[in-house]
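The following paragraphs lead the reader through the structure shown below. The discussion begins with a metal site and then moves outward along the chain.

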Amino acid sequence: MGVTGPSQTGIPLFAIVAQACSPSGWNIRTARSPQAEVLQIHLTTVPILTLSTEPDSYVWRIGEDELDDFNTKRTWESIRHRHDPLTWTDHVWYKGAIPRHAIMLWLTHLNRLPTRDMLVHWGMHIENACCICGAHPETRDHLFLHCEFTEEIWLQVTRRLGYRPIVFHTWQAFAAWMDIKDSTTPQTLRRFVSQAVIYAIWYERNNRFHNNIATPPHIIFKAMDIQIRDAILAKSHCRKFKRLMQVWLRYL
Ligand SMILES: [Zn+2]
């Protein structure tokens with residue numbers, strides 16, 4: 001009933017239950033608001049308490065459950081705002097993912113990486129041209145999907161995964177590709193490699209932006225290939241990673 005509760009009911013704010021009832025019934029003012037009416041109706045379902053000499057006690061209740069003690073986790077679960085599950089969480093957070101790669105993909109999904117178009121959007125007075133090609137505005141989709149440098153890497157990656165060259169027209173198309181299940185490549189390998197590509201591109205972009213060092217795509221791919229082999233080898237005890245090495249080396 002909020003702050004008007006005491007005045008609506010006539011029960012002082014810090015009254016104990018025994019002060020709100022007598023053997024003949026509840027000491028509550030006649031209802032003058034819908035909430036007060038709901039309270040009155042509810043109280044008709046509660047047996048009248050006889051005057052008791054026992055001290056009051058309280059219980060924590062969440063939904064229908066009475067808890068022995070206050071439970072932070074369950075309380076938070078019951079009051080927190082729940083977002084609908086996002087479609088892409090599975091290919092970001094899966095067992096075996098390299099944490100720094102997963103975080104990078106998570107940020108790109110949210111479009112939170114400081115690409116130049118975002119920096120301009122946030123109020124910085126800089127050029128928004130792509131740090132790699134300089135020919136287009138540096139948006140997330142351009143940098144990770146459409147830059148000619150990036151396309152070259154995707155070309156090599158998709159070939160190694162057994163696909164014909166793929167051009168991802170939209171971020172959604174790229175996200176959907178990570179989720180499909182097909183007989184060409186296990187989903188885990190596709191996700192694992194995709195995360196490595198996103199990480200490598202952002203690393204290269206920063207190397208050019210901050211250090212003025214440029215590495216050609218085929219060298220980047222070579223380094224990534226070695227990283228992927230090492231990582232698969234290190235995770236070969238995981239059920240999902242057992243067969244991945246032979247799949248990754250099929251189209252050398
Ligand atoms: Zn570019």
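In this predicted model, a zinc ion is held by four protein donors, Cys130 (SG), Cys133 (SG), His142 (NE2) and Cys147 (SG), at distances of 2.1 to 2.3 Å. Along the sequence, these donor residues follow the spacing C-x2-C-x8-H-x4-C. The angles subtended by the four donor atoms around the zinc ion run from 105 to 114°, and the arrangement is therefore tetrahedral. Two of the cysteine donors can be described by their accessibility. Cys130 has a relative accessible area of 4%, so it is buried. Cys133, at 29% relative accessibility, counts as partly exposed, because the partly exposed class lies between the 20% and 50% limits.

The zinc donor His142 also belongs to the surroundings of Thr150, a residue of helix 9 (residues 148-160). Beyond its neighbours within four places in sequence, Thr150 is in contact with His142, Leu143, Phe144, Leu145 and Ile201. A polar atom of the Thr150 side chain lies 2.5 Å from the backbone oxygen of Leu143. The relative accessibility of Thr150 is 0%, and the residue therefore counts as buried.

The UniProt record, an unreviewed entry, places the feature "domain: Reverse transcriptase zinc-binding" at residues 70-154. In the model, this span is 51% helix and 0% strand, and its end C-alpha atoms lie 52 Å apart.

Within the stretch that the record annotates, residues 70-154, there is also a point of backbone interest. Asn111 is found in the loop between helix 6 (99-109) and helix 7 (116-121). Its phi is near 55°, a positive value in a residue other than glycine. Most residues other than glycine have a negative phi. With a relative accessible area of 28%, Asn111 is partly exposed.

Helix 11 covers residues 187-211. Its 25 residues reach 35 Å from the first C-alpha to the last, close to the 36 Å expected at 1.5 Å a residue. Helix 11 is mostly covered, with 19 of its 25 residues buried.

What value does phi of Asn212 take just after helix 11? The angle is positive, at about 60°, and Asn212 is a residue other than glycine. Asn212 is found in the loop that links helix 11 to helix 12 (217-234). At 74% relative accessibility, Asn212 counts as exposed, because the exposed class begins over 50%.

Definitions and conventions. Residues are numbered from 1 along each chain as its sequence is written. This is a predicted model: local features need pLDDT of at least 70, side-chain atom pairs count only at pLDDT 80 or more; totals for chains, interfaces and linings use all residues. Side-chain values use heavy atoms; hydrogens and water are left out. Helices (H or I, at least four residues) and strands (E, at least two) are DSSP runs, numbered from the N terminus. Buried means under 20% relative accessible area, exposed over 50%, partly exposed in between (1.4 Å probe, protein chains only). A polar contact is a pair of N or O atoms within 3.5 Å; within protein, one must be able to donate a hydrogen and the other to accept it, and residues adjacent in sequence count only if both atoms are side-chain atoms. Contact means heavy atoms within 4.5 Å. UniProt positions are given in the numbering used here, feature names are shortened, and annotations may be inferred rather than shown by experiment. The expected span of a helix is 1.5 Å times one less than its number of residues. Donors are N, O and S atoms within 2.8 Å of the metal (3.2 Å for Na, K and Ca); water is not among the atoms, so sites may look incomplete. Four donors count as tetrahedral if all angles lie between 85 and 135 degrees; four count as square planar and six as octahedral if opposite donors are over 155 degrees apart and all others between 65 and 115; anything else is irregular.
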